[in-house]
Amino acid sequence: MTRARILVTTPIPEPGPSLLAAAADVTVLDAPPSYAELAALCASGDYDVVLTQLRDRIDAELLGRAKVRGVSNFAVGYNNIDVAAATERGIVVGNTPGVLTDATADVAMLLILGTARRVVEADRMVREGRFHGWEPELLLGADVSGRTLGLAGFGRIARATARRALGFGMEVLFAPRPPGDRPVEDAELGEFAGRVRKVEWGELVASSDFLSLHVPLAEETHHLVDARVLARMKPSAILINTARGPVVDEAALVEALRAGTIAAAGLDVFEDEPLLAPGLAELPNTVLLPHIGSATVPVRAEMSRLSALNAIAMAAGQTPEHAVNPQAWSEPVRGARSSS
Ligand code: DGY
């Protein structure tokens with residue numbers, strides 16, 4: 001019996017490698033492939049499934065030539081993959097939902113506290129020998145307790161952030177589907193009923209002391225926070241982004257931070273990762289992290305396990321537990337070799 005063949009574009013932590021090796025012939029690339037290299041590998045007919053990272057661009061053109069039957073993304077987000085094109089080609093896409101909710105909410109809270117209390121400036125001052133003893137006006141920051149946190153979106157990570165913020169004594173508002181709206185009943189709010197308040201996007205922008213973004217990247221949310229939105233925020237407000245970089249117009253943000261339109265920003269994601277908008281890195285009123293929302297040892301192990309299990313199921317011709325587009329296989333699989 002022929003073994004399934006799985007391509008892994010970047011080494012991943014255990015237990016994924018052991019699970020994959022037990023089930024398939026596995027090829028792990030040592031260095032991240034260029035777009036052209038990955039397109040050629042996917043088109044080669046040498047692999048049944050490819051296990052990808054967020055930086056692997058799996059667009060309609062690549063999918064149009066691909067001979068794989070599945071793409072298993074090592075992430076909950078899948079904006080790097082053209083899912084409509086994959087579905088059209090009969091290619092199933094998998095992701096890793098649920099396992100990184102708390103870790104990412106921790107980073108949102110860390111950015112709220114870190115920007116409010118100017119932690120990067122403070123750390124630098126100590127390391128550079130510029131701390132000469134306690135002073136009444138040294139590095140004064142903003143309060144967190146008693147201030148208003150506005151959540152753009154109210155999915156899993158936003159709710160986990162709300163839980164933390166309520167613990168810090170913050171008032172929590174949310175807009176469920178910015179820039180649009182939708183009704184939200186108390187039953188849907190569950191534990192948050194009576195503890196958080198739904199408002200429209202415009203009100204959220206204007207009344208938040210901290211505006212934290214928790215929306216997927218889509219056409220409607222691309223540059224959700226642009227120069228006009230920044231201008232409607234309080235001059236004392238702080239923007240937090242642990243979602244996706246392109247949700248913010250980063251050049252407009254640099255301008256707003258320079259001009260004092262808003263007070264600060266805490267970012268774990270960037271518009272053109274790993275590049276930063278010109279001027280962003282020089283601004284003292286920012287805390288900048290290298291997309292580490294899910295970067296804990298246990299969480300990355302779970303992401304590894306889920307993405308490996310998704311890939312193994314796909315390679316065996318079974319719809320994986322975490323399929324983004326299970327309908328891709330509701331018709332006979334096209335463009336992929338038959339299961340062995
Ligand atoms: C995801 O999974 O989508 C995160 O952005 C990276 O862990």
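These exercises with worked solutions concern a predicted model of a protein chain with a bound ligand.

**Exercise 1. The ligand site**

Task: Find which residues surround the ligand, and state which of them have an N or O atom at a listed distance from an oxygen atom of the ligand.

Solution. Step one is to collect the shell, which consists of L54, A75, V76, G77, L100, R244, H291, S294 and M303. Sorted by class, this shell holds five nonpolar, three polar and one charged residues. Step two is to look for polar atoms facing the ligand: V76 contributes a backbone N or O atom that lies 2.7 Å from a ligand oxygen, while R244 places a polar side-chain atom 2.7 Å from an oxygen atom of the ligand. For S294, an N or O atom of the side chain is 2.6 Å from an oxygen atom of the ligand. Step three is to ask how far the ligand is covered: on its own it has 230 Å² of accessible area, of which the protein covers 89%.

**Exercise 2. Two domains**

Task: Describe how the chain is divided into domains and how many residues each domain brings to the contact.

Solution. The domain assignment gives a domain 1 made of two segments, 4–99 and 297–329, and a domain 2 that runs over 101–288. The C-alpha centres of domain 1 and domain 2 are 32 Å apart. In the contact, eight residues come from domain 1 and five residues from domain 2.

**Exercise 3. Helix α11 and its ends**

Task: Work out which residues of helix α11 are buried, what covers them, and which residue caps the N-terminal end.

Solution. Helix α11 spans residues 250–259, and its buried residues are E250, A252, L253, V254, A256 and L257. As background, an α-helix has 3.6 residues a turn, so residues three or four places apart point the same way. The cover over the buried residues of α11 includes helix α10 (227–232) together with the strands β10 (238–241), β11 (264–267) and β12 (286–288). At the N-terminal end, the cap is D249, with a side-chain oxygen 3.3 Å from the backbone nitrogen of A251. Just after the helix, G260 adopts a positive phi of about 80°.

**Exercise 4. Unusual backbone geometry**

Task: Locate the cis peptide bonds P178 to P179 and E273 to P274, and the positive phi values of L139 and H291.

Solution. Most residues other than glycine have a negative phi, and most peptide bonds are trans. Against that background, the bond joining P178 and P179 is cis, with omega about 0°, and P179 sits in the loop between β7 (171–175) and α8 (186–189). The bond from E273 to P274 is also cis, with omega near 5°, and P274 belongs to the loop between β11 and β12. Turning to phi, L139 has a positive value of about 50° although it is not a glycine, and L139 lies in the loop between α6 (119–127) and β6 (148–152). H291, one of the residues around the ligand, has a phi near 50° and is found in the loop between β12 and α12 (297–315).

**Exercise 5. Buried or exposed?**

Task: Decide how S72 and H291 are classed by relative accessibility, and describe the surroundings of S72.

Solution. Buried means under 20% relative accessible area and exposed over 50%. S72 has 0% relative accessibility and therefore counts as buried, whereas H291 has 25% and so counts as partly exposed. S72 lies in strand β4 (residues 70–73), and its contacts beyond four places in sequence include V50, L51, T52, G94, N310 and M314. A polar atom of the S72 side chain lies 2.7 Å from the backbone oxygen of S307.

How values were computed:
Residues are numbered from 1 along each chain as its sequence is written. This is a predicted model: local features need pLDDT of at least 70, side-chain atom pairs count only at pLDDT 80 or more; totals for chains, interfaces and linings use all residues. Side-chain values use heavy atoms; hydrogens and water are left out. Buried means under 20% relative accessible area, exposed over 50%, partly exposed in between (1.4 Å probe, protein chains only). Helices (H or I, at least four residues) and strands (E, at least two) are DSSP runs, numbered from the N terminus. Contact means heavy atoms within 4.5 Å. A polar contact is a pair of N or O atoms within 3.5 Å; within protein, one must be able to donate a hydrogen and the other to accept it, and residues adjacent in sequence count only if both atoms are side-chain atoms. A residue is near a molecule or strand if one of its heavy atoms lies within 4 Å of it. Accessible areas come from the Shrake-Rupley method with a 1.4 Å probe; for residues, only the protein chains shown count as cover. Ala, Val, Leu, Ile, Met, Phe, Trp, Tyr, Cys and Pro count as nonpolar, Asp, Glu, Lys and Arg as charged, and the others, Gly among them, as polar. Domain bounds come from an automatic or database domain assignment.
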